[in-house]
Amino acid sequence: MSASNVNPQIEESWKKVLMDEFLADYFISLKSFLFEEKRKYSIYPAGNKIFAAFDHTPFDAVRVVIIGQDPYHGCGQAHGLCFSVPQDITKPPSLINIFKEIRDDLGYEIPAGGNLEQWAKQGVLLLNATLTVRANTAGSHQNKGWEQFTDAAIKKLSENKTGLVFLLWGNYAIAKKSLIDTSRHYILTAAHPSPLSAHRGFFGCKHFSKTNEILRKQENVEIQWGTE
């Protein structure tokens, strides 16, 4: 299959960077799997939101990367950005804990809604390792090819940019360190913000002020971590 026959609905700079992945056998198999899944089940997020993390944060605009694992699997929650939910959807527990840490770290009030698009527009790539999920079935689209695709995106960032800040929360995300050139980029690790683990090192990690400090040292614009 030639590149001229493939036109993924993803932001143009990412399309250029990831075209080899879209042409790869594993991705063609992934598309077949998703087609069958959609025939039988409800799939989240909606098709036009699957690549939302890339669409909101073009390749050249990326300054910070937050890695999640799976989209939310409840109705209306997933909209293509890790940890984020649409503004009218109840904030999940992990996201509430993220906002609590931001409040304690930087003084922002906890917002009414949980939409993190304002972060994405400032260069925070909110990337889940797996980009789709079957309704009400956590982890149902893992090990089908998405991880290879998103790992490739992380590698491209590592190889082609410098001075990025990677926020890796929990063992799953921390395992992605092997994809990142630590001589070129900054990595901050902590426990996952889930209520099951947040008290084991996420609360008090101060990753948001530390990220801004790193950006300042590079004479880069700080992230405004408030969402309202």
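A polar contact here is a pair of N or O atoms within 3.5 Å. Keep that cut-off handy for the first exercise, and remember that this is a predicted model.

**Exercise 1. Work out what the side chain of K161 does, given that K161 is buried yet has no salt bridge.**

Step 1: Find the spot. K161 sits in the loop that links helix 6 to strand 5.

Step 2: Look for an opposite charge. The nearest candidate side chain is that of D60, 4.8 Å away. A salt bridge has to be within 4 Å, so this pair doesn't make the cut.

Step 3: Try the backbone instead. The K161 side chain reaches the backbone oxygen of D60 at 3.2 Å. A polar atom of that side chain also lies 3.3 Å from the backbone oxygen of F59. Both distances fit within the 3.5 Å limit.

Step 4: Check the surroundings. Setting aside neighbours within four places in sequence, K161 touches F59, D60, A61, V62, R184 and H185.

**Exercise 2. Lay out the open sheet and say where helix 6 goes.**

Step 1: Write down the strand order. Four strands line up as 3-2-5-6, with parallel pairing.

Step 2: Pick out the edges. Strand 3 (124-128) and strand 6 (186-190) each pair on one side only. From one strand to the next, the twist averages 20°.

Step 3: Zoom in on one pair. Strand 2 (residues 64-68) and strand 3 run parallel and are joined by five bridges. Take I66 as a handle: its bridge partner in strand 3 is L126.

Step 4: Add the helix. Helix 6 (residues 146-160) packs on the sheet and touches strand 2, strand 3 and strand 5 (165-169). The direction of helix 6 makes about 150° with that of strand 3.

**Exercise 3. F83 and E219 both have positive phi without being glycine. Decide for each: buried or exposed?**

Step 1: Get the angles. Phi is about 70° for F83 and near 55° for E219.

Step 2: Place them. F83 is in the loop between strand 2 and helix 4 (93-106), while E219 is in the segment after helix 8 (207-217).

Step 3: Apply the cut-offs. Buried means under 20% relative accessible area, and exposed means over 50%. F83 comes in at 11%, so it counts as buried. E219 has 78%, so it counts as exposed.

**Exercise 4. Which peptide bond is cis, from Y44 to P45, and what is its omega?**

Step 1: Read the angle. Omega is near -5° for the cis bond from Y44 to P45.

Step 2: Locate the proline. P45 falls in the loop between strand 1 (43-44) and helix 3 (52-56).

Terms used
Residues numbered from 1 in each chain as written. Predicted model: local features only at pLDDT ≥ 70, side-chain atom pairs only at ≥ 80, totals over all residues. Heavy atoms only, no water. Pairing = 2+ DSSP bridges. Helix = DSSP H or I, 4+ residues; strand = E, 2+ residues; numbered from the N terminus. Axes fitted to C-alpha atoms, helices over the stretch in contact; angles between N-to-C directions. Contact = heavy atoms within 4.5 Å. Buried < 20%, exposed > 50% of the residue type's maximum accessible area, 1.4 Å probe, protein only. Lys, Arg positive; Asp, Glu negative; His and termini not counted. Polar contact = N/O pair within 3.5 Å; in protein donor to acceptor, adjacent residues only side chain to side chain.
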